[in-house]
Amino acid sequence: MVLWNYLLIKSDAWRDRPNLTALGVRLTEWSVSQVAWLLLITFVLALFLHPFQFATVQLLEGYWGSSMIAIGAMRLRVAHHRKRAQRLAERVDALDDAIEEGFLKSPRYTDDLDEETYNQQFDKYLNSSDSNHLVPQIVARDALHARHERYPDGQRILPTRLGNTLRRYEDAVGAQYGLDAVTTAPHFALVIPEPHLAYLRDSRQLLDTTVRLCFVSLLATLIAIAALLTDGPWLLVALAPYFLAYLAYRAAIAAADEYGTAVATIIDLDRFALYEHLGLPRPRDTDEERQVNAQLMSLLQWEGGAVLRYASGTGESPKPRRLFRPVKRIR
C-alpha cells in the first residue's frame, strides 16, 4: 500500500490527471534517503495495522457494529445469504431428483428392491458407464453442495461469505463430542503437542495473511478512488487493487476452510489430553463423553450449577520436599 500511494503521489494523481512521463522520470531518481523513508513508513504502517488483525477479521466476517446503518446493512446482507442458501439447496435437490430419475429409467432398477438393495444398485449405477450422460448433473450437484455446506443454520447466517464459513465450523466442530470449539480453543492451544500446535498456527497464519492482504488492498482501492475520482477513465486504475482484494478474499475463504479443518482435527486427536489436564476421567463411550462435556461446557463458560467427577489420583502422594538440607557434623 505504501508503494501504491508513492506511485499516486509521484504521478501527480492528487493534483491533476496522472502524468506517466513525470512518473517515469521520478522513478529513476531514487536516493538512499527516499528508500529509507519508504522502509520506515512501511514498518510503521505494519506495526499500526497488526493490533487491528482481530478487528479486521471480524469486519470481513460481517460484525459491523450496532449503529442503525450497520444493522440495516447487516439485515440486507443476511437476507441475501439466506435466499442464496435456500436457492443452492433447491438446486441440489433438483439435481438429486434428476440423477435418481435417471436410475429409475435404467435396466438396473426393478420395483421389488428393498431399501438396502436399492442403495447398492444406485451406487453401482453411478459408478458404471450407464450414468455417463449424468456426469454434468453430478459435477454440478457436487459443486453446489460444497457451496451450500459453507453456510451454517439459517438463524446463524452472517452478512459475508467468510463469516458464514467460519461460523459453520464454530457451530459444527466438536459438536459430536459435546464440545464448543470457540470455548475450548484457548485450552487446546496450551495442551496439544508442539507438532499439532505448529499445524494449527500455520493454518491460522494463512488466514490472517489473506485477510490482511484483502484489507490493505481495499484501503488502496479507496485511496485510488479518492485520488482519481475526477480524472475520467483514469478511475479504472482503482480496479487493480480491487481485483487483488477480491482474489485475497476468495483465498481467505479457502484459508478459513483449512483453519476449520485444522481445529476439527485437533479436537479429534487431542481431546483426551484436554480431559487429562482438567483432571477428568477418560470416558468409556461417546454417550458418556457427551454427558460429561455438557457439564464441562457449563463450567468453562462460567455458568454455575454444573457438577463433574474428577479422576482420583493413583499411587502414593509425594513426600514434602525439605527447604534446607541437614548439615553434616564433622567429628
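How do the residues of the lining of the largest pocket divide into nonpolar, polar and charged? That is where I will start. One caution before the answer: this is a predicted model.

The lining divides into 20 nonpolar, three polar and four charged residues. In total, 27 residues line this pocket, and those nearest its centre are Glu170, Ala185, Arg204, Tyr259 and Val263. The space inside comes to about 640 Å³. Five helices each supply at least two lining residues: H4 (53-61), H8 (161-172), H9 (181-191), H10 (194-228) and H11 (239-277). H9 gives the most, with seven residues.

Next, the packing of H9 against H11. Their axes come within 9 Å and cross at roughly 70 degrees. An angle from 65 to 115 degrees counts as roughly perpendicular, so H9 is roughly perpendicular to H11. On the H9 side, the contact is made by Ala181, Thr184, His187, Phe188 and Val191. H11 brings Val263, Ile266, Ile267, Asp270, Arg271, Ala273, Leu274 and His277. By class, that contact has eight nonpolar, three polar and two charged residues. Val263 of H11 appears in this contact, and Val263 is also among the residues nearest the pocket centre.

Now the closed spaces. There are three cavities of 30 Å³ or more, and I will cover two.

The largest cavity holds about 70 Å³ of space. Its lining is made of Arg84, Arg147, Arg150, Tyr151, Arg161, Asn164, Thr165 and Ile253. Four of these residues are charged, two are polar and two are nonpolar. H8 gives the most here, with three residues.

The second largest cavity has a volume of about 40 Å³. Leu49, Phe52, Gln53, Thr56, Arg212, Phe215 and Val216 line it. H4 and H10 each supply at least two of those residues, and the largest share, three residues, comes from H10. This lining has four nonpolar residues, two polar and one charged.

Last, the chain as a whole. The secondary structure comes to 12 helices and zero strands. The radius of gyration is 29 Å, well over the 20 Å that the globule rule gives for 331 residues, so the chain is more spread out than a compact globule. Along its principal axes, the C-alpha trace spans about 105 × 80 × 45 Å.

To return to the opening point: the lining of the largest pocket has 20 nonpolar residues, three polar and four charged.

Note on methods: Residues are numbered from 1 along each chain as its sequence is written. This is a predicted model: local features need pLDDT of at least 70, side-chain atom pairs count only at pLDDT 80 or more; totals for chains, interfaces and linings use all residues. Side-chain values use heavy atoms; hydrogens and water are left out. On a 1 Å grid over the protein atoms alone, a cavity is a set of points where a 1.4 Å probe fits but cannot get out, and a pocket is an open set with protein on both sides within 12 Å along at least five of seven lines; lining residues have an atom within 4 Å of a point. Grid points are joined across faces, edges and corners, and a volume is the space filled by probe spheres set on the points. Helices (H or I, at least four residues) and strands (E, at least two) are DSSP runs, numbered from the N terminus. Ala, Val, Leu, Ile, Met, Phe, Trp, Tyr, Cys and Pro count as nonpolar, Asp, Glu, Lys and Arg as charged, and the others, Gly among them, as polar. Axes are lines fitted to C-alpha atoms, for helices over the stretch in contact, and angles run from 0 to 180 degrees between N-to-C directions. Angles under 35 degrees count as roughly parallel, over 145 as roughly antiparallel, 65 to 115 as roughly perpendicular and the rest as oblique. Contact means heavy atoms within 4.5 Å. The radius of gyration is taken over C-alpha atoms; the globule rule is 2.2 Å times the number of residues to the power 0.38.
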